[in-house]
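This report introduces a structure to a reader who has not met it before. Its topics are cysteine pairing, burial and one helix.

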Amino acid sequence: MKFDLRTILVLFCAAGFAQAAAAAAPEPAETDQAAPLAMTPTEYNNTVADLLGFPRDGEQWPKRPPVADRISPRRAASKGVFSPPPPPDPWPWPFPAEPGADGFEGIAQGQSPSSYQVEELHLAGMHFGSFALLSPTFFDCSGWSDLPAAEREACAATSILRFAERAYRRPLRDGERGRIEAFWQAQLAAEPIDEAVALTVAGILQAPAFHFKLEPDAIDATQLDAWQLATRLSYFLWDSMPDEELFRATGAGELETAEGVERQARRMLDDSKARPAVVHFHHQWLGTDQVLLIAPARRAFGPRFGISRALRNARDDDTKWPAIMGPIRHSMRLETELFVEEAIFDRAGTFTELMTGNHGYMSRDTSPIYGATTAPDEARTAVTRQIEYVSVSVGRKKPLILDPVVLDPTQRAGVLTLPSVLAIGAYAVQPGPIPRGVRILERIACMEMGDPSAGLLRAPLDALRARQPPGPERTRPRTDPGALPQQRLGQGAPRQHRDQRTVPHRRTRPRLRSGRMISRRHLLQLGGLTALGAGWPGGALRALAQSPAQVRRMILISHCHGWPYATWKMRPEGVSESEPWSADLEQLPETAFSRPLAPLYEHRRRILALDGLSLATAELDGGGNRHDRGWVHAWTGNNADFGARDTRSTSASLDQLVAAHVARADRLPSLEVSVDAALEAGRPISYNSGGVRLPAENTPLRAWNRVFGPASSGDTVGAYRRSTLDFAYQEYRAVAARFDANDRARLESHFGLVDRLGHRLEGLATLSCDAPPRPAASFDRYDLQFDAFADIIAAAFSCDITRVVSFSLGEMPTAEFGADHISDKVHKGIAHYIHEDVRKHDAMTHYAAYHGQQVARLVSILESIPDAGGGSLMDNTLIVWGSELGDGWHGYRNYCPVLIGGSWAFDTGRYLYWPHETPAQMRVPAQVAPGGLTRFAGVPHQYLLVSIARAMGLDVNHVGLHHAYGQRGDLISLVGPLPGLRA
């Protein structure tokens, strides 16, 4: 027998899936231990296409039937409030990405439902339900629309039951059959027959038996019945449901033997549906599913593609480089798919072929990458694919022709030398061999890298290479500022050393608003910072609870790479670095504000600028990328979990804790959005109670649709949608009793959100408020994306659609804040060198100030909109502006969050300073402290998270960790709020 990769798949199926199968039995009363596994987005879309008998190509689907605009209109609200967006593409449905586990979809540990996901599953069900009327396989009679009324009803009823059996991938149980028939009859009694059919199908597509691959009778794989076995086999090899032949073989008992399973597996691998499934697996295995996000630097690679390294202006960069990179990214992805498919299905199909084959494909866009040694292959046929990419804020489509080539085996051989594999993990300029080597060792050689040796510092190489310590102890950069030309980033003297000059503050002495000083003795206790939890009366907590007229809202804004502390901080004359103090911002002139804070001068009465905090626990947390670690600690207060490919938290983030407390049951609990530039995307800052990141919407149009979409076409459509949700929830309750407590909880986490969505539809049925114009389909300018999201957030608050927003900002293109003459990459080109190069420190100062301008615009918008409870929206909103680092040097010291608003709980209009001291020793890079240990980090930020949570009405003493241990075992208590913030 030839042991190629296809044979290995067949043997795996035969050995792993062939178990004694029992006929489907009535629903048992006792529970079991089988985990319900949800379909992935890929599996859902493939299944719907196969279920309805349409090709897996949306261009070949029929147009939306007229009934779709009656039961699932184009997300336009009643009373003419919102202009309708264009209809969705027929197929596939654009679901948010599944978090995954270790880089793979379809694993229970990587599936955690979110309200966003549940909303999209509901909208997808309503959308695809109407396509049943056009399906070539749905009706079991011909000419359905021309039949007499009685025959149409009878045919529709039998067709719905047959459809449900195929959708559930097994014969219907008696209870299910009765509930489906009752649901159908209820729709038929209330609606025209075509709408009744579409609504009944939409309900089936939202039921747990369709969306989940349920195995309630199986304790483990040896207990699968024949139908469950067929489902596992088809989703393993096809990423989709069984076909008619597999259904027939299952019903005939042919899967009860290993020979029967092997026969079906070989047949299925010969089917064209196996090819995209195998290719999809390789994308996840190799990580090349991320190739559309790579961001090579124009200054390094522009000449290779015929454009200059230099930029004439920002507009030049916005048109040329994205227009070149869009097709290149898509070509790399498609070249990988064609190579894998050809190696496994059309050639030897061996692992050797996959790793050493010199066949490939190349487009005109990627030809400069391959070079002159790549020869065309006349024996094979070119392939054309349609691609879509964004350039100058416009979505563009074009055919991409990929020509077959023969690769020079001395230059490229096998899948590991494909451009997509080499690009993943590479930096903007450098190739990144270390991350690529780690990925190959872990993903291909199955080696566990483990943690560094106990005596080694856990600091990134670029941090260890910094030649001078950060902070105010530096006196002068090595670069002579007098030799630098005057540029718009820094006129005259270098602003990054402003800490050596005093800020005019003659009329304000260092003080608390209460008039007394906070002593170090009060702040720092032997056991840690336990005294920070004192002084918060229980009555004050009760007073923070919102009355019906008090609608409190919160926005978390997180930008990348921290702040340059030396130019962020402000120092009135005569203040001490060893004692806490407070300065009244309302008494300061604008010239006294630091550059990053100056854009907020107009809103100074609302500000609390906090100086002296740190992400101390992130420094104590072991392993993992320091950026990812910082994002988790900054917004959850807890440790990061690096066990999965996507970093997770070990508890919920602050926004989700607040949302669970303040959200209306009939509204959107929270909104997660992200500004994704062409470079580095906004990072996840929202995590559910299981620590799994929540997907953030990065397209303003889709965010607009999500916020205002369910409020569409009034009570009639709301009733349609609610009826399908009620049916799905009824099906959940019927099946939940068959699972044990753990797996029942997994289902409940999904269908609890389904129930909540039903309440939300009821609440939005009468919504009438102003909304921003529908935004453009896409933006590739950072500031335009931000402004579009700001309008959506303000409108959502005004309509009380949501009360909590997390706003993650990706890396801003350097051309947008005037630093493109230095680098085209903030992270590796500028932030890493702020303590070595005066120009780069000044550029990061301007980077922070530019973000300050954007935050100030958001505040102005909220101030301009009246609130229903009195005042403006901003009067009842708390904005928390933070980051994942203290500075771009991977440091956790000098963490500089800013609170804006929240005057109901905080005494705003102040700049507060605490000594940068932590009551425990922590291991840090040797450049921070020569011995590798330091106490000079700052007050742990968990106290601030507690203060924010309490301001939003939560009765909590800690957020995330309640204590931590220094490197030498000394205890740091993290219980209680930050002192001095209260009004």
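The model described here is predicted. Helix H4 is mostly covered, with 14 of its 15 residues buried. For the 15 residues of H4, a rise of 1.5 Å a residue gives an expected span of 21 Å, and the end C-alpha atoms are 21 Å apart, so the two values agree.

Helix H4 covers residues 115–129, and the loop that lies between H4 and helix H5 (149–168) holds Cys141. The sulfur atoms of Cys141 and Cys155 are 1.8 Å apart, and the two residues form a disulfide. Because a disulfide requires cysteine sulfur atoms within 2.5 Å, the pair qualifies at its distance of 1.8 Å. By this rule the count comes to one disulfide. Cys155 belongs to helix H5, whereas Cys141 is in the loop, so the bond ties together parts that are 14 residues apart in sequence.

The geometry of the bond also has a handedness. The torsion about the S-S bond of Cys141 and Cys155 is about -95°, and the disulfide is therefore left-handed.

The table below sets out the burial of four cysteines.

| Residue | Relative accessible area | Class |
|---|---|---|
| Cys141 | 24% | partly exposed |
| Cys155 | 6% | buried |
| Cys560 | 0% | buried |
| Cys896 | 0% | buried |

Within the disulfide, Cys141 is partly exposed at 24%, while Cys155 is buried at 6%. The class of Cys155 follows because buried means under 20% relative accessible area.

Conventions
Residues numbered from 1 in each chain as written. Predicted model: local features only at pLDDT ≥ 70, side-chain atom pairs only at ≥ 80, totals over all residues. Heavy atoms only, no water. Helix = DSSP H or I, 4+ residues; strand = E, 2+ residues; numbered from the N terminus. Buried < 20%, exposed > 50% of the residue type's maximum accessible area, 1.4 Å probe, protein only. Expected span 1.5 Å × (residues − 1).
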